[in-house]
Amino acid sequence: MENKAKLVIIGAGIVGCSTAYHLAKLGWRDIVVVDRGPLFATGGSTSHAPGLVFQTNSSKTMTKLAKYTVELYSQLHTDEGTAFYDVGSIEVAYTADRWQELKRKLGWAKSWGIEAAILTPAQAKEKIPLIDETKILGAYYVPSDGIAKAVRAAEALANLAIEANAAKFYGDTRVLDIEVEAGQVKAVVTDRGKITTDRVVVCAGIWGPLIGEMVGETIPLVPVQHQYVKTSPVSELAGETREVVHPILRHQDKSMYFRQHGDCYGIGSYQHEPLLVDPKDILSNKKAPVMPSVKEFTEEHFQQAWRSTVELLPSLAGTELPYKINGMMSFTPDGFPVIGESAFARGFWVAEAVWVTHGGGVGKMVAELLTTGIPSLDIHECDINRFTQVAKSREYIWASAAQQYREVYDIIHPLAQQNHSRQLRLSPFHPRLQELGAVFFTSANWERPQWFEANTNLLEKYSIPQRQGWSAQNWSPIQGAEHLATREGVALYDLTPFTKLEVTGEGALAYLQYLCANRISSTAGKVTYTSMLDANGGIMCDLTITCLGRERFWVVTGGSVGEHDLAWMKSHLPKDNSVCIADVSASYCCLGLWGPLAPKVLGAVTDAACDDESFPFFTAQQIYIDAIPALAVRVSYVGEPGWEIYAPTESGLKLWDLLWQVGRQHGIIAAGGGAFETLRLEKGYLLWGADIHTEYDPYEAGLGFAVKPNKGEFIGREMLLQRQQYPSRKLCYLTLNDPKAVVMGKEPILAGEKILGYVASAGYGYSLGRCVLYVYLPIGYEQPGTTVEVEYFGDRYSATVTESN
Ligand code: FAD
């Protein structure tokens, strides 16, 4: 075996093989792939996956990864046959809620470019004659879904990488350690010798956490047992020799799925309590009775699932179950894969917790990241750097992975809140928030008020349109009242979860200028709103930077993207130690004091003059509020006058009390995240991750005002200027024409039957009296007054473009 390689891939399951293939395609050579098991049925999860590929997902990214994967597998084959059978898929509705959910799913399919349809029970039975159509309300059908032969796909991809002279594969080769020097990967130590390399990609599936431990990186996943069985021949399928003809089938109301295996049927069930396994307890290939990723079948967990099976597919009742396994697969705290380079060990790359369904696409993303640093899709949902420190604890990972397993097929409301691992991050205002009856939502493991029951009395003053159904869940009309009260008076918002970074050093200004698209002011007290771009001109981060001195900058970004933004910034630090980044988020709390009366409130507790002239927008001052030192930054995400006030965390409670006491004379209220969101939507402020991310550039997003191409070189400048010349879409602000209608985001936008785009963000503009939507529309549709339609649970609502940038 080689003792040197340009890159080592650990794991020859579907993910490792796909990564090797895509790297080969991008011109990489000198790749070594090692696997502790035999090639290519290695004993990992790929070896026993029945290979059902359902592409439609609420996440655009996951859907696009699956779509590409289907295209890729469809072209692959080995001597044994094809790697993909495009038999289609059926998802049945047993309940009225599921029936509605399938219509929502059809909306995602349209938004993300998947051909799909809703079927009647009879139409579903036509496609899968085994179904008892009297039990279902209808079905969702995707003709391009199907069965991936996972080991065949892996082997075919590996062969292509081998034929390109790009990669060598070694089975029965176990990685024992990874050597790291000065934070950089140096070698991979295997039981067959050491391979010197400065890049390793971990595609080790359920063993991933053990490889992470070798370099001190937490790979937050847990192997979870999952049941799969095969029946004896089914009489209705007698004589069938083809591998699969029936569409694959999902019965999500009972957490189950099915596929045909020739004249037999396969049954997968999540309908049991989560059975988690410590990766350390996975047996070796030699010791495992079946294979390492398979545990003993536990009959008691399948009994209910069998009853559900014969209810939907009565003809299976007479069959036996000669094949039964508890296979193991990875579950992460949020259900997304883990992709990217470790921030602790340079050259340590991870592609973990990936289903066969997404294996092709994930391999492509990893290869692109390694080659150019820019994946062709926005994959921030899968970013290795999305987890907070508390979310990397074993307690959190295990509790949330178990919850993900329980909910894997559940109908999940976009604002549904987790009921485990709460109270992990509390702001210093927490006791006051509780006293005011805050209803807490979590974000980045912080407890954030969404609205306050203490504001119920505002409903006597403000009339908020009532809601029913989906949009009324996890919502209160009080949010609307808080929204209107902020526009009219003054409100306090707990913004402590913001990520706060201090960038200091003699190279700090030059570093920020190179990272940011806007010109960063070097005048103390000036605030700059800017994006940071990737080399393709896509928006990587979106933040405000306040100059505190010649070599000192205060950088603020959203709490839920803080880890992501910090990792990006750190990865660009100059090597000469001229710049230092300190994450001071925990040291400072933050209050948003906003509304037309905010200057009156702040003016009463500080000596600083708070009028527009003395304290203009986009400036900051170090002030005292009573005895509390604070940085007051005159910016507003809600579109009303006011400040973000940063103060030492230990003084937070006193700060709240001071502002509250004075504010009472001006009718101050505490307001929550619900109002915060709709206020920003109404005023045209964008949210990174939804309205902007790496697939969009600042010009098409309407952020051209914050780009200064003439200031000198910065990351992404060249590509951005090219993109500017050929715009194909514009971010537009639309309102629904029906003042009572509300949509939630991700819905398709149509002109007749032509799909124009999808809703990036949506929320009710309580001041406008209409629902506001942000949508990227193709050039030609961006003119104010243009009317389009939004599809929501199968119904169409007309919407009008009110503004575009
Ligand atoms: P693996 O296939 O497990 O590969 C990881 C490899 O790393 C292994 O070969 C292992 O030997 C190797 N390795 C680990 N540690 C070391 C080391 N120290 N040194 C060297 N090599 C090492 N997904 C779908 O999309 N559709 C389905 O229908 C589906 N059904 C499933 C049914 C069951 C019962 C189960 C358990 C899973 C199912 N999955 C399905 C999930 C899917 O199988 C996995 O997510 C996927 O196969 C993971 O691929 P991988 O390459 O990451 O991992």
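This is a short conversation about reading the ligand site, two helix pairs and two backbone details in a predicted model.

Biologist: Let's start with the ligand. How many residues surround the ligand, and which are the closest?

Modeller: The ligand has 36 residues around it. The closest are D35, T42, T46, V354 and T357.

Biologist: Which polar atoms of T357, G51 and I14 should I look at?

Modeller: Begin with the side chain of T357, where an N or O atom is 2.6 Å from an oxygen atom of the ligand. Then turn to the backbone: a polar backbone atom of I14 is 3.2 Å from a ligand oxygen, and a backbone N or O atom of G51 lies 3.4 Å from an oxygen atom of the ligand. Pairs of N or O atoms within 3.5 Å count as polar contacts.

Biologist: And is the ligand buried or exposed?

Modeller: Buried: taken alone, the ligand exposes 1000 Å², and the protein buries 98% of that.

Biologist: What kinds of residue make up the shell around the ligand?

Modeller: The shell divides into 19 nonpolar, 14 polar and 3 charged residues.

Biologist: Which helices and strands each supply at least two of the shell residues?

Modeller: These are α1 (14-25), β16 (222-230), β22 (323-331) and α8 (356-371). The one that gives the most is β22, with 3 residues.

Biologist: Now the helices. What describes two packed helices?

Modeller: You use the angle between their axes and the distance between the axes. Here, take α1 and helix α5 (residues 150-163): their axes come within 8 Å and cross at roughly 30°. Angles under 35 degrees count as roughly parallel, so α1 is roughly parallel to α5. The crossing of α1 past α5 is left-handed.

Biologist: At what angle do α15 and α16 pack?

Modeller: Helix α15 (residues 598-605) packs against helix α16 (residues 652-664) at an angle of about 120°, and their axes are 9 Å apart. The two are therefore oblique to each other. In this pair, α15 passes α16 in a right-handed crossing.

Biologist: Let's finish with the backbone. Where is the cis peptide bond?

Modeller: Look at the bond that joins L39 and F40, which is cis, with omega about -10°. You will find F40 in the loop between β2 (31-34) and β3 (52-53).

Biologist: Which residue other than glycine has a positive phi?

Modeller: Try N165, whose phi is near 60°. To find N165, go to the loop between α5 and β11 (167-170).

Notes
Residues are numbered from 1 along each chain as its sequence is written. This is a predicted model: local features need pLDDT of at least 70, side-chain atom pairs count only at pLDDT 80 or more; totals for chains, interfaces and linings use all residues. Side-chain values use heavy atoms; hydrogens and water are left out. A residue is near a molecule or strand if one of its heavy atoms lies within 4 Å of it. A polar contact is a pair of N or O atoms within 3.5 Å; within protein, one must be able to donate a hydrogen and the other to accept it, and residues adjacent in sequence count only if both atoms are side-chain atoms. Accessible areas come from the Shrake-Rupley method with a 1.4 Å probe; for residues, only the protein chains shown count as cover. Helices (H or I, at least four residues) and strands (E, at least two) are DSSP runs, numbered from the N terminus. Ala, Val, Leu, Ile, Met, Phe, Trp, Tyr, Cys and Pro count as nonpolar, Asp, Glu, Lys and Arg as charged, and the others, Gly among them, as polar. Axes are lines fitted to C-alpha atoms, for helices over the stretch in contact, and angles run from 0 to 180 degrees between N-to-C directions. Angles under 35 degrees count as roughly parallel, over 145 as roughly antiparallel, 65 to 115 as roughly perpendicular and the rest as oblique. A crossing is left-handed if the near helix is turned anticlockwise from the far one by less than a right angle, and right-handed if clockwise.
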